[in-house]
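Reader: Could you take me through one part of this model up close? I'd like to hear about a single sheet and how its strands are put together, and then where it sits in the wider picture.

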Amino acid sequence: MRSTLLAAAAALLITIPALAQSNETTNYGAIWTDIGVSKALPNNFSISLDAGFRTIDWFDNANRFDIGIGGDYKLGKHLKFGLSYTFIQRHFLEESEDHYGSNSGKYNGYNVDAANWATRHRIAFDVTADKRFWKTLRISLRERYQYTHQNSRDIDRTKYRITGTNATTGEIAGWEDPETTIKHKNAWNRHLLRSRLKFAIDRKGWQWEPFASFEIHNNMTDSWHFDKLRIMVGTEYAITKQHRVSAAYVFTHENDDDGNENIHAISVGYRFKF
């Protein structure tokens with residue numbers, strides 16, 4: 001167990017710098033909040049209920065809210081299995097498409113899709129192995145299979161068309177009246193393998209638990225395409241045995257169907273254990 005976790009840690013730390021390189025310059029700030037309750041059951045089982053809310057552009061726009069239920073089974077001291085379902089509402093901002101090669105026009109885009117919400121259903125199965133080193137450092141490796149289905153939806157689209165351009169200067173001469181149409185977005189399914197390596201200072205008797213984690217998302221549907229890299233640094237604090245709070249900085253580099261962007265998030269959470 002010890003050698004396996006150390007080998008996984010070394011492999012992931014070597015891989016991360018290469019994956020993080022990108023020509024993307026789009027950066028967003030975000031706030032992530034979550035709250036959860038969990039209950040220990042007989043025979044090493046437990047159940048949990050979680051809810052979360054996320055923003056984009058800091059406090060300017062809602063990005064997502066979710067609610068989920070899950071269960072865990074611990075096999076021995078170092079191995080745990082988990083199964084969960086999450087209902088997600090994902091918000092997409094207004095998006096413009098310019099078919100004339102420039103976004104400098106009056107409407108900053110000739111086809112403008114209205115802001116909209118998409119419904120997602122997510123099922124995840126994970127296996128987590130963890131081991132304490134030197135009575136202080138806990139290293140865990142989680143492998144998670146994640147299936148997501150996004151429902152189809154219809155989006156209002158406003159079409160703008162130019163009446164012509166100046167032959168000499170190339171400037172837009174005028175605009176036609178805009179036309180509102182419906183754009184249909186098909187449903188899709190995504191299968192991911194999420195590999196997360198986590199380091200935590202977990203000393204018995206301490207209320208604080210600083211941690212750092214590194215996670216990679218590989219798209220199993222798209223020839224194991226690298227979809228996402230996530231790095232989290234933060235701490236948990238045990239107010240009592242039942243009440244815990246957490247705060248962390250999260251860097252996410254996305255390279256999937258939702259966009260190619262870097263997200264810098266502040267994450268805060270609260271958990272109650274029965």
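Author: Sure, let's start in the middle of things, bearing in mind that this is a predicted model. Strand 6, residues 111-113, runs antiparallel to strand 9, residues 153-159, and 3 bridges join the two. If you want a spot to zoom in on, go to D113: its bridge partner in strand 9 is R157.

Now step back a bit. That pair belongs to an open sheet of 4 strands, ordered 5-6-9-12, with antiparallel pairing. On the outside you'll find strand 5 (95-97) and strand 12 (179-185), the edge strands, each of which pairs on one side only. Going from one strand to the next, the twist averages 30 degrees. As a general reminder, strands of a sheet pair through backbone hydrogen bonds, whether parallel or antiparallel.

As for the wider picture, the protein chain has 17 strands and 1 helix. Of its 274 residues, 38% are buried. Among contacts with a separation of 6 or more, 58% are between residues 24 or more positions apart.

The outside deserves a look too. The chain's accessible surface is about 15,700 Å², and carbon and sulfur atoms hold 55% of that. There's a nonpolar patch on the surface as well, with about 930 Å² of accessible area together, whose members include L49, I69, F125 and W224. Strand 3 (61-75), strand 4 (79-92) and strand 7 (116-133) are the elements that give two or more residues to this patch. Take I69, which lies in strand 3: its relative accessible area is 52%, so it counts as exposed, the cut-off being over 50%.

Key. Residues numbered from 1 in each chain as written. Predicted model: local features only at pLDDT ≥ 70, side-chain atom pairs only at ≥ 80, totals over all residues. Heavy atoms only, no water. Pairing = 2+ DSSP bridges. Axes fitted to C-alpha atoms, helices over the stretch in contact; angles between N-to-C directions. Patch = residues over 30% accessible without salt bridge, like charges linked within 9 Å, V, L, I, M, F, W, Y side chains within 5 Å. Areas by Shrake-Rupley, 256 points an atom, 1.4 Å probe, with all protein chains shown as cover. Salt bridge = Lys/Arg side-chain N within 4 Å of Asp/Glu carboxyl O. Buried < 20%, exposed > 50% of the residue type's maximum accessible area, 1.4 Å probe, protein only. Contact = heavy atoms within 4.5 Å.
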